[in-house]
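Visitor: I am new to this structure and would love a close look at one part of it. Could you take me to some aromatic rings and tell me how they sit together?

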Amino acid sequence: MEGIEHLVRPRTVAVVGASRESTKIGHVILKNIIENGFPRERVFPINPNVDEVLGLKCYPSLNDVPSKIDLAVIAVPANVVPRVIEDCVRKGVKVAAIISSGFREVGNVEAEMKILEIAKRGGVRILGPNIVGLIDTVVSLNASFLPYLPDKGEIVMISQSGALAAALLTWTKLKSIGLLDIINLGNRADVDESDLMDFFSKDPHAKAIVLYLEGVENGKKFMEVAKRVSKERPIVVLKAGKGARAAEAVKSHTGSLAGSDVAYDAVFKQCGIVRASDIRTLFDYALSLAMLPDPKGENVVILTNGGGAGVMCADACEELKLRLMEIPEDLASALRKWMPSFGSVFNPIDLTGMATEKEYYGSISVLLNDERVHALITLFSHPATLNPMNVAEAIASCVSEVGKNKPVVAAFIGGKECDDAMKFLIKNGIPTFDTPERAVAALATKYRYIYYKNRPAGKHLEIKREKDSAYEIIVRALKEGRNLTQSESCEVASFYGIPTPKKFVAKNLEEALRLADDLGYPLVLEVESPDIVHKTDVGAIKLNIRDRRELEDAYDGILKSVKEKAPNAKIEGVVVRPFVKEGTQVAVGMHRDEAFGPLVMFGSGGVLVELYRDVSFRVAPLTDVDIEEMMRETKVYRVLEGFRGAPKDANSVKNVLAAVSQLALDFDIISDVDINPLFVYESGCMAFDVKMLLKGVKRHSN
Ligand code: ACO
């Protein structure tokens with residue numbers, strides 16, 4: 001975080017490349033700095049070819065400036081930037097915001113590394129390169145080529161994209177959404193979103209942080225910082241690139257479900273970050289998180305002047321699991337004073353189309369004064385007879401006069417006049433939208449954030465394990481340049497306390513028959529091969545073999561089918577194992593994500609796992625809270641809880657998830673784990689099929 005205060009709230013600013021030509025970026029930035037309220041006497045233009053720009057004395061280089069410099073904004077061509085950064089080092093500049101393009105974004109990685117190296121050596125932080133700049137409303141700094149400052153607010157916007165930062169400045173202005181800062185990250189050679197989140201988590205002016213990201217480069221740092229920051233300030237993120245990332249999904253069982261976007265989803269949940277799906281929801285959520293006080297309970301009341309809007313709102317509440325309060329009789333009779341006899345005190349409370357600003361004020365006052373009411377959604381459908389602004393003013397003054405520090409959101413449904421009323425309410429600290437659904441989603445986000453903020457950190461489940469024994473098996477496979485066989489995968493799993501069935505490898509039919517006699521029927525026969533992942537697909541497994549004759553048939557059938565359908569697969573024998581009784585089928589897996597590390601999966605199991613996609617993910621190390629949350633996200637968890645049957649041993653599955661998490665942390669070399677199905681019984685569970693893949697070892701596909 002070092003140096004960030006000099007970037008965001010500098011005392012002195014130099015503009016390197018302060019051109020005399022009014023259309024050039026360096027000139028525009030200098031103009032923006034001095035014309036938006038930053039003190040002129042603390043601004044220093046740098047240009048060796050001119051003595052004065054925009055009425056300010058111009059210096060040939062940074063070293064000629066007779067003052068310390070906190071922030072140097074650099075707008076010279078890329079090939080000149082290294083020299084300027086050297087000047088920054090010599091001058092003791094704290095941060096350089098490099099506007100210039102022509103670095104990593106065009107493949108010029110070396111040039112970017114060079115400026116970073118010079119800067120690091122001299123202790124200079126770098127924002128960018130390839131940015132539109134930054135804006136801070138606290139010190140009225142517009143160090144960018146964006147046209148003006150935003151309306152002053154409490155939302156910090158950090159954007160990887162410069163174009164989007166520019167667009168959102170005008171967009172938020174149009175909607176009267178106030179911003180505290182706009183910071184464009186660009187190539188993120190040095191300063192990244194984590195550094196900025198860290199800074200703003202302690203900034204008294206900031207109430208919410210909005211991030212637009214295309215990707216995270218330092219996943220570990222991001223998670224560590226975001227987990228901490230989200231307890232202090234809400235973070236809302238819009239993460240682009242879903243489709244493209246998903247296409248890169250790795251093709252193992254769990255990997256094909258994983259891909260990077262699910263990793264982001266998991267990380268955001270684990271870190272308490274609210275994810276928005278588009279620009280509109282990004283700011284809907286930000287408004288609610290920045291403006292609303294924390295609700296003291298779950299009782300939500302809808303107040304409306306139109307039945308239709310009320311019903312839509314109630315539907316949305318149900319969908320997003322907001323609890324609509326049952327209105328007690330004493331509260332109902334207090335509310336009846338503010339509505340005609342045909343009004344309704346059933347929640348949604350319907351003041352009817354007869355309501356004027358007086359009825360809105362009166363009924364809101366009753367509701368805010370009632371301790372049993374914890375949050376309020378106020379709806380207004382525009383009847384031709386009433387001026388929406390009058391109602392907006394009544395709502396705003398009632399909220400500010402009666403107060404009670406309760407969250408109030410509003411929806412004004414109608415045309416231009418409603419739009420004006422909406423802006424007025426936003427300016428007065430009441431998140432207001434044009435549909436009931438948006439208002440509900442904004443309030444629900446507040447509740448979700450409160451849940452994140454208050455949820456316990458969780459603890460790691462202790463896993464008894466025989467790490468050395470697992471290590472031996474893994475090293476042996478690595479030396480032979482192959483993945484673990486199914487038996488080896490089972491052995492490693494059992495060293496981590498995961499229950500697996502007894503199994504033996506037979507090299508020929510006679511051995512298989514002998515083992516079968518020892519084990520007793522019924523049995524399972526399956527091929528032992530590090531190259532076959534989906535055994536059913538290639539006929540490499542036969543279940544429920546009841547006698548010698550069936551075993552002989554199965555043996556021949558399996559080998560024939562594998563030779564036909566997976567001719568390149570290396571066959572190391574045939575596994576004979578008892579036919580274990582089926583339980584509820586779940587799947588547990590792990591895929592090592594490039595950005596965030598081991599991504600652990602839980603979900604419905606069986607051969608249709610990829611079709612159902614009833615899965616959830618979290619990044620290891622997993623706490624008991626992570627495990628509980630990820631299991632609850634799936635439908636199969638309800639089956640474990642006893643849907644249409646006896647409850648199953650969910651705790652035994654939790655141990656398997658903790659074990660897989662630990663295994664992934666112990667052995668970086670394991671790229672994928674796939675346990676499917678994991679049979680879950682009323683007591684205990686059994687990993688029926690276990691596969692593990694090693695990093696860098698090629699797998700023959702079947
Ligand atoms: N120190 C200070 N000033 C210098 C130096 C130096 N060492 N060397 C040259 N200058 C002066 C020049 O004399 C010139 O001033 P003048 O016009 O008075 O003569 C000024 O610096 C600018 O130099 P130019 O060579 O004219 O460069 P130009 O302004 O054309 O371009 C720029 C520089 C804007 C940085 C360009 O290289 C660039 O990268 N443009 C893209 C920037 C961008 O779009 N970034 C955001 C990406 S995100 C998004 O687009 C949404």
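Guide: Let us begin with a word we will need: a residue is called buried when its relative accessible area is under 20%. Please keep in mind that this is a predicted model.

With that cut-off in hand, look at Phe200. Its relative accessible area is 0%, so Phe200 counts as buried. Phe199 has a relative accessible area of 11%, so Phe199 is buried too. These two residues form an aromatic pair, and the pair is edge-to-face. To picture such a pair, two values help: a pair of aromatic rings is described by the distance of the centres and the angle of the planes. For Phe199 and Phe200, the centres are 5.0 Å apart and the planes make an angle of 85 degrees.

Now move on to another edge-to-face pair, the one made by Tyr264 and Phe596. Here the distance is 5.0 Å centre to centre, with 90 degrees between the planes. What does this pair link? It links distant parts of the chain. Tyr264 belongs to helix α9, which covers residues 253-271, while Phe596 sits in the loop between β25 (584-593) and β26 (597-604). Along the chain, Tyr264 and Phe596 are 332 residues apart. Both of them are buried.

The rings around Tyr264 and Phe596 are worth a pause as well. Ring pairs join these two with Phe222 and Phe268 in a cluster. In the whole structure, the search finds 10 aromatic pairs, and Phe199 with Phe200 is one of them.

Let us step back to see where these rings belong. The protein chain has 702 residues, of which 59% are buried. Its secondary structure comes to 24 helices and 30 strands. Taken along the principal axes, the C-alpha atoms fill a box of roughly 95 × 80 × 40 Å. The domain assignment gives four stretches: domain 1 (4-240), domain 2 (293-454), domain 3 (467-578) and domain 4 (584-694). Between the C-alpha centres of domain 1 and domain 3 there are 60 Å.

Finally, the long reach of Tyr264 and Phe596 along the chain can be set beside a figure for the protein chain: among contacts with a separation of 6 or more, 71% are between residues 24 or more positions apart.

Definitions and conventions: Residues numbered from 1 in each chain as written. Predicted model: local features only at pLDDT ≥ 70, side-chain atom pairs only at ≥ 80, totals over all residues. Heavy atoms only, no water. Domains from an automatic or database assignment. Phe/Tyr/Trp six-rings, centres within 6.5 Å; stacked < 30°, edge-to-face > 60°. Buried < 20%, exposed > 50% of the residue type's maximum accessible area, 1.4 Å probe, protein only. Helix = DSSP H or I, 4+ residues; strand = E, 2+ residues; numbered from the N terminus. Contact = heavy atoms within 4.5 Å.
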